[in-house]
Each structure stands twice: as C-alpha cells, then as structure tokens.
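Visitor: Could you take me through this model, one question at a time, with the reasoning set out before each answer?

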2 protein chains.
Amino acid sequence: MSEALPLDLENRLQADDHTSLRLWLRLLSTSIRIEDTIRQRLREGFGITLPRFDLMAQLEREPEGLTMGELSRRMMVTGGNVTTIVDQLTKEDLVQRVTLPEDRRSYRVTMTPVGRAAFAGMARAHEQWVKDLMAGLDEHQQHQLHHLLGVLKHGLVTPISTQGQTHDPD
Amino acid sequence: MSEALPLDLENRLQADDHTSLRLWLRLLSTSIRIEDTIRQRLREGFGITLPRFDLMAQLEREPEGLTMGELSRRMMVTGGNVTTIVDQLTKEDLVQRVTLPEDRRSYRVTMTPVGRAAFAGMARAHEQWVKDLMAGLDEHQQHQLHHLLGVLKHGLVTPISTQGQTHDPD
DNA sequence: TATTGTTATACTCTATAACTATA
DNA sequence: TATAGTTATAGAGTATAACAATA
C-alpha cells in the first residue's frame, strides 16, 4: 500500500501511473459492485430499473414537474430515450404528462399520486440500502472519501460538451 | 462539508443517512464520468468497446490463455455473452480459440500476435488517460482514496453468490 | 448424469436521424 | 426556420433457458 517512492523522475512517473491505474480499477469495481446490488434490489423489491428510479428521483425534487428536454439534460441521455422511459412509467401510472397552455409543443412530466406513494417507499428502502452498504466506513471516513472524490471530480477536465449546462452537482 | 453533528440519536441517524447517500451519489457520478470518457476514447481511438478491452486485459495477464468458463467468472457475465464477445474479437483476429487435447469440450482463448500488438497500444493509451484523469489528486491523496475505497469495498456484505470464487482483487 | 460451451430469444439502455407539431 | 418531442432503427450488453458435444 505504501511502497518507497523512487527518486528518479521517469521511474516516479511509472510508479505514479500504476497508482492511478490501481486507484481507478478500485474506484470502478467498488462503484459497480454497489450499483449492481442496488439495481438488483430495486428490481426484486419494486420491479423497477435504475433509469426509471432515477427519473422519478428527478421529479421528486421538482414538484412542478420537468419537461422532456429538462429530463433529457439532467439524466444526460438523448430525448428519444426519455420518451421510452416516460412511456413505461406512464403505462404503470407512476408519472403523467401535463400539457402546458403556453407552449403546445411541450409537456411537463409529474408524478401521479400513485407514483409519489410508490417512490416514497422505494426511496426509503434505497436510502437504507445505501447506508448499510456504506457502513464499513465511519462518519469521518465517509466525509473524507466524499471530499477526495470531490477533488477528483472537479479536477476532471470538462469534456468538450459544455453545451447543455448539465445538471450534476454531485 | 462539515456540518455540526446533532446530538440526538435519531437525528444523528438521519444525518448519517444523508452523508451516505451524498457519498454514494458522488462516488457513482465520478465513476460514471471517468468510465464514459474512457469508453468514448477507446471507441474513437481504437474502435473497441469496454467489455472487449476488459476481456483482452484478462488475457494479457494470462499468457496461457483462459477457458470460456474462466473468462465468464472473471468478467462476471454469463457464458453466452462471453461467446459473443470472443466471436467478435476472433472475427477481428485479435484473439483465437485453441483446442485442448485433454478435454475436447473446452477451449483456451489466447491473444493472437496481432491482438497482442493492438492491445499494447490500447493499454498504453488507456494508462495515460487514467493518469491524466486522476491528476487532480496528488500521490498522497491517491493513496488515501485507494485506501478508503478498499475499506469500503471489503466492508460490503458479500452477496449470496460466493459460488464461483470470483476473481476480483481490486 | 454432469459439465463446457453455444444458440436462441428477449429485454433494457443507448445513440442517430427522420419526422410531426407547434412556435 | 427553429424548437419540443416522437418514432424508427440499430447496436451493445445483459440474462435465461434449451441444446449439443464430451466427460
């Protein structure tokens, strides 16, 4: 975990490479493992997929609802896919399209009362799962990890596409 | 980043929940952002997908090659999918199936010379991308993050399936 | 009978591009 | 013309289950 660092600059670069690669593989595998667990439990417990859960989570924060375009930008997927997901959730009576008088090309997607109730249960379970999965770290370690990930994330070179002012505070 | 912790036990649990949830969202979003970047560059630079790259990375570490079953367990996907991926890589002459005299049901998948050369280039580029993406953290922070992720990962309750002794040291 | 690998099928998510209807 | 959303299509990855060949 803490090898002696060589003094030669080129070797140091090499060592640095391996540190980064090992870190990335661990970050990725940890994330995938947790995500798969949550995905599986959402399916088994609530018969819902992660993208559909995510869409409802977006709506939960916005009681007014969101247009398809807003959902597309927030979820960072193309419009056609949002249509599919909203279609499915609509079929299950979890969300609905509400027409806008001021622009008849557009809709506002909101949760139905059924959807709100269903989501409350899912969100509660979800939060408990996450808490359990994170329980290997104490409060201090969690804050430390949160901080380091923040540094890493904000240090990422923003890709070419800063077009749609993506909504992604975390 | 460091709010005062309430003393009431129930509130503390609540606060703890939110810490975990915020941590998880940050972990997930950071991981996805890096993964998407790498995925896109692998496609644009080398015309290869992440699962195919991963399969070749598995073979790279095992000069003797691996059977379909071993690949399936290491990549944690079902056998049918490994068949598909190996088929595609075989079509591009990057890997090959080598028959085993001792068990004619089974094969050993190895990289072709072409595949080995191609993978060397990909791996070099991949490592450099990772290094650049991680550059927001200094060496010490990277080790710290690596350590915390290790604690988190090993604290995860091992899922029910410890059947196939999954190969996943990271 | 059990095991290795393949095939067939289906589902979800994803992107691109053509299209409709409004603005 | 430009924009909001839909539809059509295609491709990748995934799982399940039935199947063939071999052990």
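Guide: Let us start with a glutamate of chain B, bearing in mind that this is a predicted model. E92(B) has a relative accessible area of 40% and is therefore partly exposed.

Visitor: Which residue does E92(B) meet in a salt bridge, and how far apart in sequence are the parts that the pair ties together?

Guide: The side chain of E92(B) meets that of R52(B) in a salt bridge, with 3.8 Å from N to O, which falls within the 4 Å cut-off for such a pair. E92(B) lies in the loop between α4 (79–91) and β1 (95–99) of chain B, whereas R52(B) belongs to helix α2 (residues 50–60) of that chain, so the salt bridge ties together parts whose separation in sequence is 40 residues.

Visitor: Is R52(B) buried or exposed?

Guide: The limit for a buried residue is under 20% relative accessible area. R52(B) has a relative accessible area of 18%, and therefore it counts as buried.

Visitor: What does the salt bridge between E62(B) and R74(B) tie together?

Guide: The side chains of E62(B) and R74(B) meet at 3.2 Å, N to O. E62(B) sits in the loop between α2 and α3 (68–75) of chain B and R74(B) in helix α3 of chain B, so the parts that this pair ties together are 12 residues apart in sequence. As for accessibility, E62(B) is partly exposed at 26%, while R74(B) is buried at 17%. The parts tied together are thus the loop between α2 and α3 and helix α3.

Visitor: Where in chain B do E35(B) and R39(B) lie?

Guide: These two residues form a salt bridge through their side chains, at 3.0 Å from N to O. With a relative accessibility of 16%, E35(B) is buried, and R39(B), at 30%, is partly exposed. They are 4 residues apart, about one turn of the helix, and both lie in helix α1 (residues 9–46).

Visitor: Which residues of chain A are linked in a network of salt bridges, and how many salt bridges are there over all chains?

Guide: In chain A, a network of salt bridges links E35(A), D36(A) and R39(A). Over all chains, the number of salt bridges is 12.

Visitor: What relation do chains A and B have to each other?

Guide: Chain B is superposed on chain A, with an RMSD of 0.1 Å, by a rotation of 180 degrees with 0.0 Å of shift along its axis. The same surface serves both copies, since 100% of the contact residues of chain B recur in chain A. The rotation and shift correspond to the relation of a two-fold axis.

Visitor: Which element gives the most to the surface near DNA strand D?

Guide: The strand is surrounded by 19 residues, and the closest are G69(A), T83(A), R105(A), T49(B) and N81(B). By class, this surface has 4 nonpolar, 9 polar and 6 charged residues. At least two residues each come from α3 (68–75) and α4 (79–91) of chain A and from α2 of chain B. The element that gives the most, with 3 residues, is α4(A).

Visitor: How much of the part of DNA strand D within 4 Å of the protein is sugar and phosphate?

Guide: Phosphate oxygens of the strand lie 2.7 Å from a polar backbone atom of G69(A) and 3.0 Å from a polar side-chain atom of R97(A). A backbone N or O atom of Y107(A) is also 3.5 Å from a phosphate oxygen. Of the atoms of DNA strand D that come within 4 Å of the protein, the share belonging to sugar and phosphate is 70%.

Key:
Residues are numbered from 1 along each chain as its sequence is written. Chains are lettered from A and ligands numbered from 1 in the order in which they are written. This is a predicted model: local features need pLDDT of at least 70, side-chain atom pairs count only at pLDDT 80 or more; totals for chains, interfaces and linings use all residues. Side-chain values use heavy atoms; hydrogens and water are left out. Buried means under 20% relative accessible area, exposed over 50%, partly exposed in between (1.4 Å probe, protein chains only). Copies are superposed by least squares on the C-alpha atoms of residues with pLDDT of at least 70 in both. Contact means heavy atoms within 4.5 Å. A residue is near a molecule or strand if one of its heavy atoms lies within 4 Å of it. A polar contact is a pair of N or O atoms within 3.5 Å; within protein, one must be able to donate a hydrogen and the other to accept it, and residues adjacent in sequence count only if both atoms are side-chain atoms. Ala, Val, Leu, Ile, Met, Phe, Trp, Tyr, Cys and Pro count as nonpolar, Asp, Glu, Lys and Arg as charged, and the others, Gly among them, as polar.
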